[in-house]
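Trainee: I am new to this structure and would like a close look at a single part of it. Please take one residue, describe its surroundings, and then connect that to the rest of the chain.

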Amino acid sequence: MKKKVLFVLIVFLFSFYCHAAETIEPPLIYYRDNSIIIGDTVVPVPLGNTGSYRYAFDGKRQKLWFQDSGRHTSTFICVNTKGQTEETFTIDVGKINLIDGRFFVFDNKALIWDHTKEFMVLIVDLETKEYQSIDISKMRYNEISCLYDNKIFFFDEYVEKSVMYFDLLTGEIFYAETDLKEYGFLP
């Protein structure tokens, strides 16, 4: 009997520990007065070549990233949740002009959408500082709403409440299983 109770106790503790290790509690993040507020920390948005830097929060790695584009460069600044700058670097992106791009980050991968070339996105590995441009012409003219787990999410403007994603690994488009009640989608 003691062995069974001990076994059940060990299984319970193990399952409790495993569940606790997987949970990531994201801080409250919002924009106010040209600053990003992360919990109680205020991080001013730096000024760059094209005005203020773009910003995105990597929920998986718990890092705030700023991005600014030059004529053929892209500069990144990494800030932790305490407001401390961890890293700043610039990469040369060749003849790509990212002046009007949107910016998303997930799991140390950044997506920069170049509005001047509607069917091209730049994916930057923020660890290796390598990039690749990806043709997203299969998405037609739909607005990108999120980068998550090697997938680019967007709304299909022709189907009400329909979310689709472009799989970066396969280059294919799939419908996402959603239960949308209002406009908006977060993974």
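Mentor: N80 is buried, because its relative accessible area is 12% and the cut-off for buried is under 20%. The model is a predicted one, and that applies to every value that follows. N80 belongs to strand 8, which covers residues 73–80. Its side chain takes part in polar contacts. A polar atom of the N80 side chain lies 2.9 Å from the backbone nitrogen of K82. The side chains of N80 and E86 are joined by a polar contact of 3.3 Å. Leaving aside residues up to four places away in sequence, N80 touches I38 and E86.

I38 leads on to another residue. When residues up to four places away in sequence are not counted, I29 touches I36, I37, I38 and F57, so I38 is a contact of I29 as well as of N80. I29 sits in strand 1, residues 29–32. The relative accessible area of I29 is 30%, so I29 is partly exposed, whereas N80 is buried. I29 and D40 are 11 residues apart along the chain, and their C-alpha atoms are separated by 9.4 Å.

Strand 8 also holds a cysteine, as C78 falls within residues 73–80. C78 has 2% relative accessibility and therefore counts as buried. C146 counts as buried too, because its relative accessibility is 10%. A search of the whole structure finds 0 disulfides.

C146 brings us to a sheet, since strand 14 spans 144–148. This sheet is open, has 4 strands in the order 14-15-16-17, and is paired in the antiparallel sense. Strand 14 and strand 17 (173–175) stand at its edges with a single partner strand each, so one side of each has no neighbour in the sheet. From one strand to the next, the twist averages 30°. Within this sheet, strand 15 (residues 151–155) and strand 16 (residues 163–167) run antiparallel and pair over 5 bridges. One of the residues involved is K151, whose bridge partner in strand 16 is D167. As a general point, the strands of a sheet pair through backbone hydrogen bonds, either parallel or antiparallel.

Another open sheet is made of 4 strands in the order 10-11-12-13, with antiparallel pairing. Its edge strands are strand 10 (102–106) and strand 13 (130–135), each of which pairs on one side only. Here the twist averages 20° from one strand to the next. Strand 11 (residues 109–113) and strand 12 (residues 120–125) are antiparallel and joined by 5 bridges. L111 stands opposite I123 of strand 12.

The chain as a whole gives the setting for these parts. It has 1 helix and 17 strands. Of its 187 residues, 39% are buried, N80 being one of the buried residues. Among contacts between residues at least 6 apart in sequence, 32% join residues at least 24 apart. The protein chain exposes about 11,800 Å², and carbon and sulfur atoms supply 55% of that area.

Key. Residues numbered from 1 in each chain as written. Predicted model: local features only at pLDDT ≥ 70, side-chain atom pairs only at ≥ 80, totals over all residues. Heavy atoms only, no water. Pairing = 2+ DSSP bridges. Helix = DSSP H or I, 4+ residues; strand = E, 2+ residues; numbered from the N terminus. Axes fitted to C-alpha atoms, helices over the stretch in contact; angles between N-to-C directions. Buried < 20%, exposed > 50% of the residue type's maximum accessible area, 1.4 Å probe, protein only. Contact = heavy atoms within 4.5 Å. Polar contact = N/O pair within 3.5 Å; in protein donor to acceptor, adjacent residues only side chain to side chain. Disulfide = S-S within 2.5 Å. Areas by Shrake-Rupley, 256 points an atom, 1.4 Å probe, with all protein chains shown as cover.
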